[in-house]
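Q: I'm new to this one and would like a close look at a single part of it. Could you take me through the sheet and whatever sits around it?

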Amino acid sequence: MRSLAKTLSSTYPHLNFVPGTSFYWSPETKEVFYDDTKHTEPSSIWSLLHETSHGLLQHTTYSADLELLHLEVAAWDHALILAKTFNIQISDDYVQDCLDTYRDWLYRRSLCPGCGAQCLQNSGSNFYRCFNCHTRWHVSPSRFCRSYRAQAKRPAAVFADKKPGF
Ligand SMILES: [Zn+2]
Ligand SMILES: [Zn+2]
């Protein structure tokens with residue numbers, strides 16, 4: 001994976017490749033962070049291609065959780081194309097696992113802490129409001145590329161403030 005990171009960084013000089021302990025794309029600084037502690041695992045190569053794809057697709061902002069999911073799908077689609085140019089085969093199961101983890105996470109964020117109904121996010125905000133019991137809750141801003149699996153069982157960060165009618 002380290003040699004791939006070097007190749008990518010010389011091929012795409014407008015992106016910064018930064019070794020770290022997790023994989024994510026930082027649109028503000030145009031940095032692709034990659035987990036250097038797992039550099040021998042095949043999935044690390046796939047993740048690196050995925051993060052690079054976020055950068056190449058110039059993913060910057062999203063207004064709602066659902067849009068973020070669409071960007072994640074787009075980044076994986078692009079990663080598959082990129083992988084072909086490097087003769088790398090990305091496991092489709094892995095991609096689906098990652099996206100499923102994402103879907104689960106988004107689903108949990110959308111559940112009303114008051115009554116459990118699944119709700120829609122207020123557009124362009126980090127708030128959800130329950131159509132059923134009018135609970136409003138705040139979700140922390142989403143970030144590109146969740147740490148898959150490791151955080152899958154962790155409950156979503158949901159802060160409920162019960163203000164009916166708000
Ligand atoms: Zn509710
Ligand atoms: Zn991603």
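A: Let's start right in the sheet of this predicted model, where Pro19 stands opposite Tyr34 in strand 3. One step along, Gly20 faces Asp35, also in strand 3. Both pairs belong to the ladder between strand 1 and strand 3 (residues 31–35), which run parallel and are joined by five bridges.

Strand 3 has a second partner, too. Strand 2 pairs with strand 3 in the antiparallel sense, this time over three bridges. Look for Ser26 here, since its opposite number in strand 3 is Glu31. Strand 2 and strand 3 make a hairpin, with four residues between them. In that turn you'll find Lys30, whose phi is positive, at about 55°.

Put the two ladders together and you get an open sheet of three strands in the order 1-3-2, and the pairing is mixed. Strand 1 (16–20) and strand 2 (24–26) are the edge strands, each pairing on one side only. From one strand to the next, the twist averages 25°. As background, strands of a sheet pair through backbone hydrogen bonds, and they can do so either parallel or antiparallel.

Now for what lies against the sheet. Helix 2 packs on it and touches strand 2 and strand 3. The direction of helix 2 makes about 170° with that of strand 3. Helix 2 itself covers residues 42–56, so to speak its full run of 15 residues. From first C-alpha to last, helix 2 reaches 21 Å, close to the 21 Å expected at 1.5 Å a residue. Helix 2 is also mostly covered, with 13 of its 15 residues buried.

Step off the end of helix 2 and the picture changes. Just after helix 2 comes Gln58, which lies in the loop between helix 2 and helix 3. Gln58 has a positive phi of about 55° although it is not a glycine. Is Gln58 buried or exposed? Gln58 counts as exposed, because it has 9 C-beta neighbours inside 10 Å, and the cut-off for exposed is 12 or fewer. There's a link back to the hairpin as well: Gln58 and Lys30 are 28 residues apart in sequence, yet their C-alpha atoms are 8.8 Å apart in space.

Follow the chain onward and you reach another pair of helices. Helix 3 (residues 65–85) packs with helix 4 (residues 92–109) at an angle of about 175°, and their axes are 10 Å apart. That angle is why helix 3 is roughly antiparallel to helix 4. On the helix 3 side, the contact is made by Asp65, Leu69, Glu72, Val73 and Trp76. Helix 4 brings Val95, Leu99, Tyr102, Arg103, Leu106 and Arg109. Sorted by type, the residues of this contact come to seven nonpolar, no polar and four charged.

The loop between helix 3 and helix 4 holds Asn87. Its phi is near 60°, a positive value in a residue other than glycine. Asn87 counts as exposed because it has 6 C-beta neighbours inside 10 Å.

Further along there is another hairpin to look at. Strand 4 (residues 127–129) and strand 5 (residues 136–139) pair in the antiparallel sense over three bridges. Within that pairing, Tyr128 has Trp137 of strand 5 as its bridge partner. Six residues sit between the strands of this hairpin, and His134 takes a positive phi near 70° there.

Finally, here's how the part you asked about fits into the whole. The protein chain has four helices and six strands, and read along the sequence they follow the pattern α-β-β-β-α-α-α-β-β-β. Of the 166 residues of the chain, 27% count as buried. Among contacts between residues at least 6 apart in sequence, 49% join residues at least 24 apart.

Key
Residues numbered from 1 in each chain as written. Chains lettered and ligands numbered in written order. Predicted model: local features only at pLDDT ≥ 70, side-chain atom pairs only at ≥ 80, totals over all residues. Expected span 1.5 Å × (residues − 1). Buried ≥ 20, exposed ≤ 12 C-beta atoms within 10 Å, placed from the backbone. Axes fitted to C-alpha atoms, helices over the stretch in contact; angles between N-to-C directions. Parallel < 35°, antiparallel > 145°, perpendicular 65-115°, else oblique. Contact = placed C-beta atoms within 7 Å. Nonpolar A, V, L, I, M, F, W, Y, C, P; charged D, E, K, R; others polar. Pairing = 2+ DSSP bridges.
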